[in-house]
Amino acid sequence: MTTSHLPSSEARFYALRLLPGQEVFTQLHAFVNQHQLQAAWIAGCTGSLTDIALRYAGQEETTLLSGTYEVISLSGTLELTGEHLHLSVSDPKGAMLGGHMMPGCTVRTTLELVIGELTAVAFNRQPCAISTYDELVISPR
């Protein structure tokens, strides 16, 4: 397998706070579009959710949960044409679960995000013959 190397890139950062009741995907997509982010990632995230939508590893269906959850981590990439996000949460007893974040996650009290963007490259998704999913493609701007 060959890996291409792109030049290093400067980065800029944005801070965003989501409010109670807001759906995370809707707000992230609006933010990415508003700022025309082409190669972004979640640099940090703290907050809580009431509704969780996760696709667990190797599963096709989305699991929906409701309750009181603390966000332990949210990581992944974002761009104008898509995203790949993984979410870890803990329940009121501290039990953790996580997986591929899907639309349907709702903010409980707050979701505080720092989003970084690489300024010299662009991300997009293209079908991958190996994984059979649309996977990240990185190109110079």
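**Group meeting: salt bridges, aromatic pairs and a nonpolar core**

Hi everyone, let's start with a charged pair: Arg108 and Glu70 form a salt bridge, with their closest N and O atoms 3.5 Å apart. That pair links distant parts of the chain, since Arg108 sits in strand S6 and Glu70 in strand S3, 38 residues apart. Both ends have some exposure: Arg108 counts as partly exposed because its relative accessibility is 28%, and Glu70 is partly exposed at 39%. Please keep in mind that this is a predicted model.

How many salt bridges does a search of the whole structure find? There are four. As a general reminder, side chains of opposite charge can pair when their charged atoms come close.

Next on my list is Glu79 with Arg125, where the closest N and O atoms are 2.9 Å apart. Here too the pair links distant parts of the chain: Glu79 belongs to strand S3 and Arg125 to strand S7, residues 121-127, with their positions 46 residues apart in sequence. Are these two buried or exposed? Glu79 is buried, and Arg125 is buried as well.

Then we have Arg141 and Glu117, a salt bridge with its closest N and O atoms 2.7 Å apart. Arg141 is in the segment after S8, while Glu117 is in strand S6, and the two are 24 residues apart. The two ends differ in burial: Arg141 is partly exposed at 41% relative accessibility, whereas Glu117 is buried, with a relative accessible area of 0%. Salt bridges that share partners also bring in Arg12, joining Arg12, Glu117 and Arg141 into one network.

Let's move on to the aromatics. The structure holds two aromatic pairs. In one of them, the ring centres of Phe13 and Trp41 are 5.7 Å apart and the planes meet at 80°, so this pair is edge-to-face. It links distant parts of the chain, with Phe13 in strand S1, residues 11-18, and Trp41 in strand S2, residues 40-55, the two being 28 residues apart. Phe13 is exposed, at 51% relative accessible area, and Trp41 is partly exposed, at 25%.

The other pair is Tyr14 with Phe31, also edge-to-face, at 5.7 Å centre to centre and 85° between the planes. Tyr14 lies in strand S1 and Phe31 in helix H1, residues 24-35, so the pair ties together parts 17 residues apart in sequence. Why does Tyr14 count as buried? Its relative accessibility is 18%, and buried means under 20%. Phe31 is buried too, at 9% relative accessibility.

Now for the interior. The largest nonpolar core has 30 residues, and those with the most contacts inside it are Val24, Leu87, Leu113 and Ile115. Which elements give two or more residues to this core? They are S1, H1, S2, S3, S4 and S6. S2 provides the largest share, seven residues. In soluble globular proteins, nonpolar side chains tend to be buried together.

Let me zoom in on Leu113. Setting aside neighbours within four places in sequence, Leu113 is in contact with nine residues' worth of names on my slide, among them Tyr14, Leu28, Ile42, Cys45 and Leu74.

Finally, a look at the outside. Leu6, Leu136 and Ile138 make a nonpolar surface patch of about 210 Å². Ile138 lies in strand S8, residues 134-140, and is partly exposed at 42% relative accessibility. Thanks for listening, everyone!

Notes
Residues numbered from 1 in each chain as written. Predicted model: local features only at pLDDT ≥ 70, side-chain atom pairs only at ≥ 80, totals over all residues. Heavy atoms only, no water. Patch = residues over 30% accessible without salt bridge, like charges linked within 9 Å, V, L, I, M, F, W, Y side chains within 5 Å. Areas by Shrake-Rupley, 256 points an atom, 1.4 Å probe, with all protein chains shown as cover. Salt bridge = Lys/Arg side-chain N within 4 Å of Asp/Glu carboxyl O. Helix = DSSP H or I, 4+ residues; strand = E, 2+ residues; numbered from the N terminus. Buried < 20%, exposed > 50% of the residue type's maximum accessible area, 1.4 Å probe, protein only. Phe/Tyr/Trp six-rings, centres within 6.5 Å; stacked < 30°, edge-to-face > 60°. Core = buried A, V, L, I, M, F, W, Y, C linked by side-chain atoms within 4.5 Å. Contact = heavy atoms within 4.5 Å.
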